Amino acid sequence: MAVFYHSTRDINKNKITASQAILQGLSPDGGLYVPDRIPTIDFALTELANMSYQELAFKVLRLFLTDFSEIELHDCITAAYGKNFDDPAIAPLVFHDGAFYLELFHGPTIAFKDIALQLLPHLMTTAAQKNHSHKKVLILTATSGDTGKAAMAGFANVPNTKIIVFYPQAGVSPIQERQMLTQEESNTYVFGINGNFDRAQTNVKNIFNDQAFKQQLANLNYQLSSANSINIGRLFPQIVYYFYAYGQLLAKQQLISGQPVNFSVPTGNFGDILAGYYAKKMGLPITHLICASNKNKVLTDFFQTGIYDKNRPFYVTSSPSMDILVSSNLERLLFYLTGSDPVMTADLMQQLQQTGAYKITPAMQAALAKDFSAGYADESATSHEIAHVFKASRTAIDPHTAVASHVARRFKDTNGQPMIIVSTASPFKFPKVVLSAITDNKAGQLQDLTDLQQLRQILKVPYPSTIKQLLEKQPQERQILEPNQMQTAILKVID
Ligand SMILES: *Cc1c(COP(=O)(O)O)cnc(C)c1O
């Protein structure tokens, strides 16, 4: 049965196809596209134990992307999940220190965003062909660090596309910045912004809503699209690994089919954990989806009080991909919590825009508590968690994973169900933080590149290939913009 898409804010629920939603990214009314129904899985959970990642991706995505042919989907998935991942399992599940870690960092940029961003460009070019669009696709992306590189790697050399990435100049790690500055394909561009991530993201959103500017681009034969996690083409590929984790537990005979599990998810823009929510609605037995935040704990407070309030200090932490005060994908969850009410959703989003805050009803709060729990780890707890896991299992986890791992401890002891920690980045992406947690080296004395060597010696594992390249390539010079110069920069790029 076909699934169509409409905006979270559209009273008429005007429908478009999956491929159109992928091409547009964001709805013109500022809302996010949601499916008109959430399909349930049409295979038995027991089958998960024997499915490859690619087979499972096909079975899950087919249910949502109903205007893609089987061959198209198959080709996209084959192109996305192959030798570009350094583990044939794509998303292996490993056990350390009393919990399972779902490793989503085996792709080309060693962070979980590869899972979606290796697939999205193929979905997007297929979608463009299906809709007979002769325009070139211009991808604009705001990044808190990992999306930028992952999107550049995904779109590099994809015909008829250009990608421009904006990152907060002071908000990404030196390695993250160097990763972006060493991407050398001629269709990828990157700019630092004077401002934090929210500023960069808001400006990108404003550009998407600027009809006059979009017309100007259309006259130049470009169509804007987004690789941010607001795009359903980013969201759905992430549902796959929740099922895949469950399949691996079944295969390892760690549980019997139907038995519930918990996931602890390090959260920023709420894309990763929202995919878990879809997985649950589709039939995966999940008790708690644990929303783990860092010191920027706007979501923890929201889950506990029902009040979302971004009027608070913004902290730059050791887990920069979670340094976010406005979680875009939360709008989709709000839509479901209102009972799929676009008027109420639009109203809450308007309050957020005007006052920086909103409060949900007690009924919505009760609905939230059925599926989600929340907690946070401050900087010291994050560092202790890295040390704790290292001591117990001689493995290093990255600071984002550590946030989720810390928050998970409280639940592990209480409900006895298997705990899966979504492990979103390789420790080699954040060597300074990891080393200062597991050695006596004081942060600040450390230099990112020598840290890498030291970390490799301690962990006794080879470098991921992206790190090797990073060390070999000369980065391009960084270009910094004021937020109000973004449109000019875009026009220059496509000129
Ligand atoms: C993006 C990112 C997150 C947060 O994921 P969201 O979908 O934005 O909630 C967590 N960890 C890492 C390493 C990331 O890159």
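User: Which residues come nearest to the ligand, of the 15 around it?

Analyst: In this predicted model, K113, D146, G268, N269 and T424 come nearest. A residue is placed around the ligand if one of its heavy atoms lies within 4 Å of it.

User: What makes the pair between K113 and the ligand a polar contact?

Analyst: The cut-off for a pair of N or O atoms is 3.5 Å. An N or O atom in the K113 side chain is 2.5 Å from a ligand oxygen atom, so the pair counts as a polar contact.

User: Which backbone atoms lie at what distance from an oxygen atom of the ligand?

Analyst: For G271, a backbone N or O atom lies 3.1 Å from a ligand oxygen. For D272, a polar backbone atom is 2.8 Å from an oxygen of the ligand. Both values are within 3.5 Å, so these are polar contacts too. The ligand taken alone exposes 380 Å², and the protein buries 98% of that.

User: Why are β4 and β14 called paired?

Analyst: Pairing needs at least two bridges. Four bridges join β4 (residues 99-103) to β14 (residues 419-423), so the two strands pair. They run parallel, and E103 stands opposite S423 in β14.

User: What makes β3 and β13 edge strands?

Analyst: The open sheet has six strands in the order β3-β4-β14-β9-β10-β13, with mixed pairing. β3 (93-96) and β13 (372-376) each pair on one side only.

User: Which helix lies across β9, β10, β13 and β14?

Analyst: That is α11 (residues 271-282), running at about 170 degrees to β10. Helix α15 (residues 362-371) also packs on the sheet, touching β10 and β13.

Definitions and conventions: Residues are numbered from 1 along each chain as its sequence is written. This is a predicted model: local features need pLDDT of at least 70, side-chain atom pairs count only at pLDDT 80 or more; totals for chains, interfaces and linings use all residues. Side-chain values use heavy atoms; hydrogens and water are left out. Contact means heavy atoms within 4.5 Å. Axes are lines fitted to C-alpha atoms, for helices over the stretch in contact, and angles run from 0 to 180 degrees between N-to-C directions. A polar contact is a pair of N or O atoms within 3.5 Å; within protein, one must be able to donate a hydrogen and the other to accept it, and residues adjacent in sequence count only if both atoms are side-chain atoms. Accessible areas come from the Shrake-Rupley method with a 1.4 Å probe; for residues, only the protein chains shown count as cover.
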